[in-house]
Structure formats: C-alpha cells, structure tokens
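Colleague: Got a minute to walk me through this one? I'd like to start with the ligand and then go through some helix packing.

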Amino acid sequence: MNVSQSDDIIICEDVHKWFGDFHVLKGISVRIGRGEKVVICGPSGSGKSTFIRTLNRLEHHQRGRIIVDGIELTDDLKNIEAIRRETGMVFQQFNLFPHLTVLQNITLGPIWVRKMKKSEAAELAMSLLERVGIPEQAHKYPSQLSGGQQQRVAIARALAMQPKIMLFDEPTSALDPEMIKEVLDVMRELAQSGITMLVVTHEMGFAREVADRILFFDQGQIVEEAPPHEFFAAPKHERTKLFLSQILHH
Amino acid sequence: MQTSPQGALPPSTRPRLAPASLGRWLKENLFNTWYNSLLTLVSLWFVWVAISSTARWAFATARWEVIPANLTPLLIGTYPRGQVWRIWTALLTVAFLAGATAGTAGGRGKRVAAWVAPLALASLLFPLRWPTRVMLGAAVALVAGGYWLFRGKRRLWPWLAGAWFFSFPWILFLMWGIEGSGAMPRVETSAWGGLALTLILAMVGIAASLPIGILLALGRRSSLPVISWCSTALIELVRGTPLVTILFMAHLMVPIFLPELRIDKVVRAMIGLTIFTSAYMAENVRGGLQGVPKGQYEAAMALGMSGPLTMLLVILPQALRAVIPSIVGQFISLFKDTSLVAIIGLLDLLGIARSVIANPRWLGLQAEVFLFAGLIYWLFSFTLSQSSRRIERALGLTKPS
Ligand SMILES: Nc1ncnc2c1ncn2[C@@H]1O[C@H](COP(=O)(O)OP(=O)(O)OP(=O)(O)O)[C@@H](O)[C@H]1O
Ligand SMILES: [Mg+2]
C-alpha cells in the first residue's frame with residue numbers, strides 16, 4: 001500500500017496526544033491510501049475518536065507528524081482550514097445546526113467557505129438529499145426529522161464541501177436499530193464512489209463488507225491491522241480475540 | 001392561563017365546581033379547623049376593608065379630573081402639538097410590528113383581540129378627543145393587519161426581529177426630525193417628555209446595549225487575556241454600581257470629559273442607561289453562549305469555517321434566540337428603571353407626574369396622579385411579560401407547562 005508519497009492521502013508518524021497527564025494516543029503510525037476504506041474499532045476509551053479528530057485538528061497532537069493530502073497539520077490556521085475543507089466529518093450526535101433548515105444546513109459550508117453561488121449550492125444540496133434519499137425533507141428543521149434522517153442530512157452536509165476524505169465517528173451508535181440500516185446503506189453507496197473513508201464503528205457486518213483494512217485500537221495504540229477476512233478469521237492478538245468474541249456475541 | 005399549542009389541558013376542561021361541591025370545598029379547605037376558620041374570617045375582613053375603602057376613595061373622594069386635564073403632557077411632555085403626528089407614526093409602526101409578532105409567534109386571534117379590545121373600548125369611555133380616537137383605532141387596525149399578514153409565517157421571525165431592531169432608529173428619527181425642514185422640523189430633546197420619553201429611553205437602552213452586550217460577552221470569553229480582563233472588569237464594575245449613580249455620573253461627568261460636544265440631558269441619560277444595561281445584557285448573552293453545545297462549534301469548524309464565521313452564523317443565532325426571554329425581561333426592568341431619570345431633571349412619565357402635582361391648581365392630588373402613572377407602568381410591563389411568554393413558547397424555548 002505504501003508505494004509513494006502521493007498515493008497516501010493520510011500519513012501519521014508516531015502521533016502522541018495527552019489530555020493533561022492522561023496519555024490517550026501512544027505513538028500512532030499509519031498510512032492511508034487514496035480511496036482506501038478503513039474501519040477503526042476497539043474498546044471504549046481506547047482513543048478511536050481522539051485519533052480521527054486529530055486528523056482534522058478538532059484535537060491537536062503533541063508529538064509526531066500528521067500529513068493530510070500533502071499538507072502537514074501544525075498550528076497554522078490556513079493549513080488547518082484548508083485540510084478541513086478537504087475533510088468531511090460525521091459525528092455520533094449528528095450536530096446539525098438546529099436554527100437552520102435541512103437545506104440551509106447543507107448549503108452553509110458551500111456558500112460561506114467555498115464561496116459558491118446560492119442557487120448553485122441549493123442545487124448541489126438537493127442532489128445530495130436525493131442521493132441520501134430524503135429530498136422531501138429539504139425545508140424542515142432538524143428537530144422535525146428522525147435520527148436516521150438527521151444523520152443522512154449530516155452526511156449530505158459533509159459531502160456538500162466535496163471532500164476527498166470522509167471521517168465517521170460512530171455514525172450509527174446514537175440510532176435506533178431500525179434506522180441503522182438506512183444510514184449504513186448511504187455509507188455503502190458512498191464507498192463505491194472512490195472517496196477515502198475512515199469509519200469508527202462497531203458494525204462488523206459493515207466492516208466486513210466495505211473495509212479494505214481494519215485498525216484495532218487498544219489503550220491508545222494500534223494493536224492489530226489487517227484486511228477484514230484476516231481480521232475476523234485469524235486475529236493475532238489476545239485483545240483482538242477478546243474484543244471480537246464480545247462484540248460478535250452481542 | 002395560557003393554553004399551549006399541544007399537550008397541557010386547556011383551562012375549560014378543568015373540573016368545574018358545582019354549587020353543592022362548592023360548599024364542601026369551602027368546608028374542606030377554608031373551615032376545616034377552628035384556627036383555619038378564624039384565619040379565613042380575619043382575611044376576609046381585611047380584604048373587605050381594603051376593597052371598600054379603596055372603592056370609596058376612587059369613586060367618591062378622588063378628583064380624577066386631574067388626569068384628563070394633564071393627559072397630553074403625561075403622554076408626550078411638551079412635544080409641539082402640531083408635530084404630534086410623528087409620535088403617532090412611531091406608535092403605528094410599533095402597533096404593526098406587535099401584530100406581526102403575535103402572528104408569527106402563532107398567537108391566537110382571540111388572544112390578540114383580548115389585548116386590543118380593551119384599548120379600543122377605553123378610548124371610547126375616556127374623555128378623549130376624536131382625532132385621538134381615530135388614531136387609536138388606526139393602531140388597533142394595524143395590530144390586526146400585522147397579525148393577519150404574518151399569521152403562521154414562523155419562518156419570517158428573524159426578519160421581524162431585524163425589523164424591531166431597525167424600528168428603533170426609525171422612531172428616533174421621527175422624534176428628532178430634520179434640521180431646517182418645513183414638514184418635519186427639529187424637535188429638541190428638551191421638549192420630549194412623558195410616557196413617550198420613558199418608552200424611548202427604554203428602547204434606546206435596549207437597542208444600543210444589545211450589540212455592546214454581545215461584544216462584551218464575546219470579549220469576556222476571548223482567549224486574549226487583555227480583552228477578557230477589560231470586558232470582565234467593565235461588566236463587574238457596572239453590575240456593582242446602582243443605576244442612580246451611573247445616571248448621575250453620566251449627567252455630571254460627560255460634560256466634563258467632552259465639554260466641546262455639549263451633549264444634551266436626554267442623550268446623557270441614554271448613555272447612562274446604555275452603559276448600565278450593556279453589562280446585564282452581556283451576562284445574558286454569555287448565558288446563551290454557554291448553552292450552545294460544543295458539537296455545534298465542532299461541526300462548523302469541521303466544515304472549514306473560520307472562528308468569526310462560526311460565531312456569526314452558527315453560535316450567535318442560537319445563543320440570541322435562547323436569550324430573547326431574558327432580553328424582554330431586561331426591557332421591562334429598564335422600562336421601570338427609567339423612572340430614575342426624573343432625578344436628573346428629565347420629564348419622563350414620572351417627572352411630568354411630579355411637575356403636575358407641584359402645580360398649585362392640583363394641590364393634594366398626588367395619589368390620583370401617581371396611581372395613574374403606576375397603572376401605566378404596570379400595563380406596559382404586564383403586556384410585555386405576557387407576550388414574551390407567548391414568544392418563548394412559540395420559539396419552543398420552554399416546554400408547555
Ligand atoms: N477532552 C478530554 N479531556 C480529557 N480526557 C478526554 C477528553 N476526551 C477524551 N478523553 C479521554 O480519552 C480517552 C479516549 O477517548 P476517546 O473518546 O478517544 O475514546 P473512544 O475510543 O472513542 O471511546 P468510545 O468508544 O467510548 O467513543 C478516554 O479515556 C476519555 O475519557
Ligand atoms: Mg468515541
């Protein structure tokens with residue numbers, strides 16, 4: 001996979017992060033190829049969220065290097081905003097803007113950050129709503145939608161910035177079981193498009209089907225990384241085995 | 001009192017007391033023990049004495065003719081009588097906006113009528129001149145028109161909030177007029193007075209303190225220590241000082257610091273009120289900012305939005321919307337607090353009231369005049385607080401109780 005610099009859209013070298021005295025990320029080194037689909041799993045508190053949030057600098061790392069699409073993440077605000085424009089993020093709690101309609105939620109970024117014309121942005125938003133299957137909800141407010149619909153709007157909002165990378169932090173964990181599928185279906189369809197995806201999730205069916213590679217986190221480290229068939233059939237580490245036995249029994 | 005859109009029981013479905021059960025209710029609640037019975041009788045006696053003596057005074061002793069005789073100054077001070085149409089225009093603007101607000105907030109037509117009808121009725125009962133009655137009628141019509149035009153158009157409320165905001169400079173412009181103009185000559189602030197002045201002071205105080213308060217609130221949260229220190233110091237300094245002191249300071253200090261500007265008394269009072277209100281407004285806004293969840297900042301930043309853009313488009317709209325009720329509350333208390341400007345010699349509603357009773361012709365009629373002034377203060381405050389509760393519900397800021 002690690003052929004040349006330009007093939008890897010995300011490069012992490014020995015990334016460390018502390019919350020006060022607490023060492024959350026203990027030397028993460030990983031390269032993610034252009035268009036690769038990576039699923040991240042691991043026990044609660046192992047640092048999965050913290051890791052993907054360092055990739056668009058919602059958290060900043062204290063040691064090591066992170067290079068996204070050829071730009072290194074430092075305190076330079078210009079770089080950070082440039083990387084954020086290339087990187088869409090979908091949160092567990094959706095984080096839609098409650099004072100804006102669905103359409104306005106989606107067009108906000110394109111209009112104000114990408115400087116797109118209003119009419120163009122609205123057109124783009126409608127086509128994205130079409131894609132995630134809820135064009136009829138365009139003029140409602142987020143609070144009027146179901147959880148699954150809200151999360152699909154959040155995906156559309158991230159896609160409206162036409163990002164090269166999509167980060168998902170447990171996108172289905174806050175959803176009722178009957179809504180999980182509608183969101184996963186959208187993500188499956190998205191995976192076909194060639195975009196780079198990093199997904200923190202416990203949906204092992206999704207991982208098996210979509211991932212090129214699975215990263216297993218434990219206590220701030222990547223304990224195991226393997227393609228899905230290998231990861232599920234022959235996990236090498238005890239901790240991976242334990243985790244899999246717990247989650248698959250569930 | 002208020003029926004909520006969904007959920008809570010409307011008052012009419014509460015069990016009615018049948019006459020037979022009324023006796024039982026009295027027995028169970030008011031006369032269940034000997035000391036409770038005694039307490040009930042004593043309270044009844046007090047209530048009776050209070051009501052009967054007040055009524056005797058109000059209908060027999062009181063000389064109410066002092067009110068109609070001084071009604072015009074009490075309402076508009078010494079504003080030139082030929083220019084009163086400007087005040088009416090201002091009032092009509094407000095009437096329209098009030099109706100429109102009731103409409104967007106989803107107020108029921110009946111409720112709007114319940115507020116407006118007594119006004120119309122009172123204008124017929126009281127000895128007003130016909131032009132006044134016609135203008136009051138026009139105000140009522142505009143409330144109804146605004147209500148009808150904006151009914152159910154909830155999406156327009158941000159525009160309406162903007163319209164309210166800009167109505168303030170518009171009203172000031174109407175009051176002030178244009179230097180050297182024939183149709184709308186300049187009216188110096190020394191001629192402003194009465195209820196109109198009271199309302200204008202409260203309005204300017206709120207409108208000017210909102211942006212200043214927002215800046216102070218943002219300043220207090222700033223990551224730059226100098227800015228956050230200065231903002232905090234200013235807020236705490238003002239909040240620890242009584243309004244009277246600030247008014248006196250503005251009255252006495254502004255001419256010392258800016259002698260060449262010759263700022264007039266009314267403007268100095270406005271400055272004092274604005275400084276005072278800004279500090280409280282800043283704290284209100286800060287509360288609203290704290291209520292916006294962290295995820296909102298993160299979602300905006302993840303889109304690549306800059307800090308100021310995030311604040312302007314995502315955080316502030318949510319924070320301000322959440323503090324609308326406290327802003328209205330602030331307006332009400334400011335409206336009442338403006339009565340303190342009488343101390344620095346302004347002729348607001350209370351100032352005019354005091355000058356009326358100082359007139360030998362109306363000697364000894366303090367009670368009538370002050371009661372009337374108090375009634376006006378109460379009427380406005382009560383209307384505002386009731387409407388703000390409606391707006392709160394309409395915006396979904398409180399759960400229907
Ligand atoms: N802002 C913070 N301040 C201090 N500690 C934090 C902060 N955010 C996270 N942590 C701690 O860092 C550790 C890793 O958190 P993180 O959210 O990355 O875990 P996670 O793997 O995503 O877990 P989960 O599956 O529960 O989401 C946890 O122990 C958490 O308590
Ligand atoms: Mg997490």
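Colleague: How far is an oxygen atom of ligand 1 from a polar backbone atom of S46(A)?

Modeller: Keep in mind that this is a predicted model. S46(A) is among the residues around ligand 1, along with G45(A) and G47(A). The pair you ask about joins a ligand oxygen to a polar backbone atom of S46(A), and the distance is 3.2 Å.

Colleague: And what about side chains: how far is a polar side-chain atom of K48(A) from an oxygen atom of ligand 1?

Modeller: K48(A) is also one of the residues around the ligand, as is T50(A). Here the protein partner is a polar side-chain atom, and its distance from a ligand oxygen is 2.8 Å.

Colleague: Which residue has a side-chain N or O atom 2.6 Å from an oxygen atom of ligand 1?

Modeller: The residues around the ligand include F19(A), P43(A), S49(A) and E170(A). For the 2.6 Å pair, the side chain in question belongs to S49(A).

Colleague: On to chain B. How are helix 5 and helix 6 of chain B oriented to each other, roughly parallel or roughly antiparallel?

Modeller: Helix 5 (residues 109-125) and helix 6 (residues 130-150) of chain B pack at about 175 degrees, with axes 10 Å apart. Angles over 145 degrees count as roughly antiparallel. Therefore helix 5 and helix 6 of chain B are roughly antiparallel.

Colleague: How many nonpolar residues does that contact of helix 5 with helix 6 of chain B have?

Modeller: Helix 5 of chain B brings residues including V112(B), V116(B) and L119(B), while helix 6 of chain B brings W130(B), L136(B) and V140(B) among others. Two polar residues and one charged residue also take part, and the nonpolar count is 10.

Colleague: What is the handedness of the crossing of helix 11 and helix 13 of chain B?

Modeller: Helix 11 (residues 265-290) and helix 13 (residues 307-337) of chain B pack at about 135 degrees, with axes 8 Å apart. That angle makes helix 11 of chain B oblique to helix 13 of chain B. Their crossing is right-handed.

Colleague: Last one: which residues of helix 15 of chain B meet helix 3 of chain B?

Modeller: Helix 3 (residues 66-76) and helix 15 (residues 366-394) of chain B pack at about 50 degrees, with axes 11 Å apart. That makes helix 3 of chain B oblique to helix 15 of chain B. The contact residues divide into eight nonpolar, no polar and one charged. From helix 3 of chain B come V66(B), I67(B), L71(B), L74(B) and L75(B), and on the helix 15 side they meet E368(B), V369(B), F372(B) and I376(B).

Notes
Residues numbered from 1 in each chain as written. Chains lettered and ligands numbered in written order. Predicted model: local features only at pLDDT ≥ 70, side-chain atom pairs only at ≥ 80, totals over all residues. Heavy atoms only, no water. Axes fitted to C-alpha atoms, helices over the stretch in contact; angles between N-to-C directions. Helix = DSSP H or I, 4+ residues; strand = E, 2+ residues; numbered from the N terminus. Parallel < 35°, antiparallel > 145°, perpendicular 65-115°, else oblique. Contact = heavy atoms within 4.5 Å. Nonpolar A, V, L, I, M, F, W, Y, C, P; charged D, E, K, R; others polar. Near = heavy atom within 4 Å. Polar contact = N/O pair within 3.5 Å; in protein donor to acceptor, adjacent residues only side chain to side chain. Left-handed = near helix turned anticlockwise from the far one by under 90°.
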